[in-house]
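This report describes the fold, the nonpolar core and selected residues of one protein. Please view the sequence and the structure together with the text.

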Amino acid sequence: MANCNDTLRELQTFLDNELSEDAQHAIRAHLGGCGDCLEAFDFHAELKMVVSRKCRTDEIPPGLMAKVEQCFGQAFGDGETSQSADR
Ligand SMILES: [Zn+2]
């Protein structure tokens, strides 16, 4: 049921533990068989930690946000017009 797009779309919700059990199960199952998504999952899990840690002390490093935007291929984060810095 879950494919890569669905999994990536639900990733944030999954990490926030706001998905239904069914959806969580589907994502876990997909992560078990898909290295790409597992990598993305690891990245986001770590990102979440970094962000929550950084939020208390410092700003998010611009490079990190650029990486996230690349990963999703679209603007990420709300309230900000995201213009990626030139590469
Ligand atoms: Zn996948």
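## Helices, burial and core

Threonine 7 has its place in helix 1, where helices (H or I, at least four residues) and strands (E, at least two) are DSSP runs numbered from the N terminus. The model is predicted: local features require pLDDT of at least 70, side-chain atom pairs count only at pLDDT 80 or more, and totals for chains, interfaces and linings use all residues. Residues are numbered from 1 along each chain as its sequence is written.

Threonine 7 counts as buried because it has 23 C-beta neighbours inside 10 Å; the cut-offs are 20 or more other C-beta atoms within 10 Å for buried, 12 or fewer for exposed, and partly exposed in between, with C-beta atoms placed from the backbone. Of the 87 residues of the protein, 13% are buried.

The protein contains four helices and zero strands, in the order α-α-α-α from the N terminus.

The largest nonpolar core (buried Ala, Val, Leu, Ile, Met, Phe, Trp, Tyr and Cys residues joined through C-beta atoms within 7 Å) has seven residues: Leu8, Leu11, Phe14, Ile27, Leu31, Cys37 and Phe41. The elements that each give two or more residues to this core are listed below.

| Element | Residues |
|---|---|
| helix 1 | 4-15 |
| helix 2 | 21-33 |
| helix 3 | 35-57 |

Helix 1 supplies the largest share of this core, three residues. Leaving aside residues up to four places away in sequence, phenylalanine 41 touches Leu11 and Leu31, a contact being two C-beta atoms, placed from the backbone, within 7 Å.
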